[in-house]
Amino acid sequence: METDDELEAALINFRATLKEHGSATAEVINSGSPEIIETLNELENVSVPDLLKTFFSLIGEYDDDRVEELDIYEPHFSWGMYLVPLCSVATHYNNSAGCGGDENPDYWPLGFVPILEEGSGSYVVVNCIANSPTYGVVYDMSEGVG
């Protein structure tokens, strides 16, 4: 498993690569607030893994003023997806987690926190269920397929 230092180095390298290849996204990424990161632990069935805390602390949201200044619409972060702003993660979570209900509990289980979206129902989520064997693992929920 990756360490916080390895993840931090990878994210710094990723931003540098974005910048090197002319992506304006690297210019508009802000770190996330530690206070908001900690409030995610208050969501139902969520215990934020340390690596996700590191991710959010480095890649938490977009600087809206800078996005407007550079005239960027929905800056893509990766895989044609953009960040779920840290301040909106709880809203996305509360609107979607557990939406499979009793009939399909594995569709988007309570405890899976969104970090990327593409705007049409596709998300990248992280398993934040502390007692799960896949705690901290990243999942792709492309086009509504959990």
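**Contacts and overall build**

I started with contacts, meaning heavy atoms within 4.5 Å. Among those between residues at least 6 apart in sequence, 57% join residues at least 24 apart. This is a predicted model, so I kept in mind that local features need pLDDT of at least 70 and side-chain atom pairs count only at pLDDT 80 or more, while totals for chains, interfaces and linings use all residues. Residues are numbered from 1 along each chain as its sequence is written, and side-chain values use heavy atoms, with hydrogens and water left out.

I checked the size next. The protein has a radius of gyration of 15 Å, which agrees with the value near 15 Å for a compact globule of 146 residues. That radius is taken over C-alpha atoms, and the globule rule is 2.2 Å times the number of residues to the power 0.38. The C-alpha atoms fill a box of roughly 45 × 30 × 25 Å along the principal axes.

Then I looked up burial. I found 38% of the 146 residues counted as buried, where buried means under 20% relative accessible area, exposed over 50% and partly exposed in between (1.4 Å probe, protein chains only).

For charges, I noted 4 positive and 27 negative side chains, with the centres of the two sets 12 Å apart. Lys and Arg count as positive, Asp and Glu as negative, and His and the chain ends are not counted. I took each charge at NZ of Lys, CZ of Arg, CG of Asp or CD of Glu.

**Secondary structure and the sheet**

I listed six helices and six strands. Both are DSSP runs numbered from the N terminus, helices being H or I with at least four residues and strands E with at least two. Along the sequence the pattern reads α-α-β-α-α-β-α-β-α-β-β-β.

How are the strands of the open sheet ordered? I read S3-S4-S5-S6, with antiparallel pairing; two strands pair if DSSP finds at least two bridges between them. S3 and S6 (138-141) stand at the edges with a single partner strand each, so one side of each has no neighbour in the sheet.

I followed S4 (residues 112-117) more closely, and six of its six residues are buried. It pairs with S3 (residues 82-83) over two bridges, and Tyr 82 stands opposite Glu 117 there. On S5 (residues 123-127) the count is five bridges, with Pro 114 opposite Val 125. The S4-S5 hairpin has five residues between the strands, and Gly 119 takes a positive phi near 95 degrees in that hairpin.

**Two residues I picked out**

His 92 sits in helix H6 (residues 86-96). Is this residue buried or exposed? His 92 counts as buried because its relative accessibility is 17%. Leaving out residues up to four places away in sequence, I saw His 92 touch Val 84, Ala 97, Pro 114, Glu 117 and Tyr 123. Pro 114 and Glu 117 are the residues I had just met opposite Val 125 and Tyr 82.

Leu 18 is in helix H1 (residues 4-20), and is buried at 14% relative accessible area. With the same sequence neighbours left out, Leu 18 touches Ser 23, Thr 25, Ala 26 and Phe 77. Leu 18 and Phe 77 are 59 residues apart in sequence, yet 8.8 Å apart in space, C-alpha to C-alpha.
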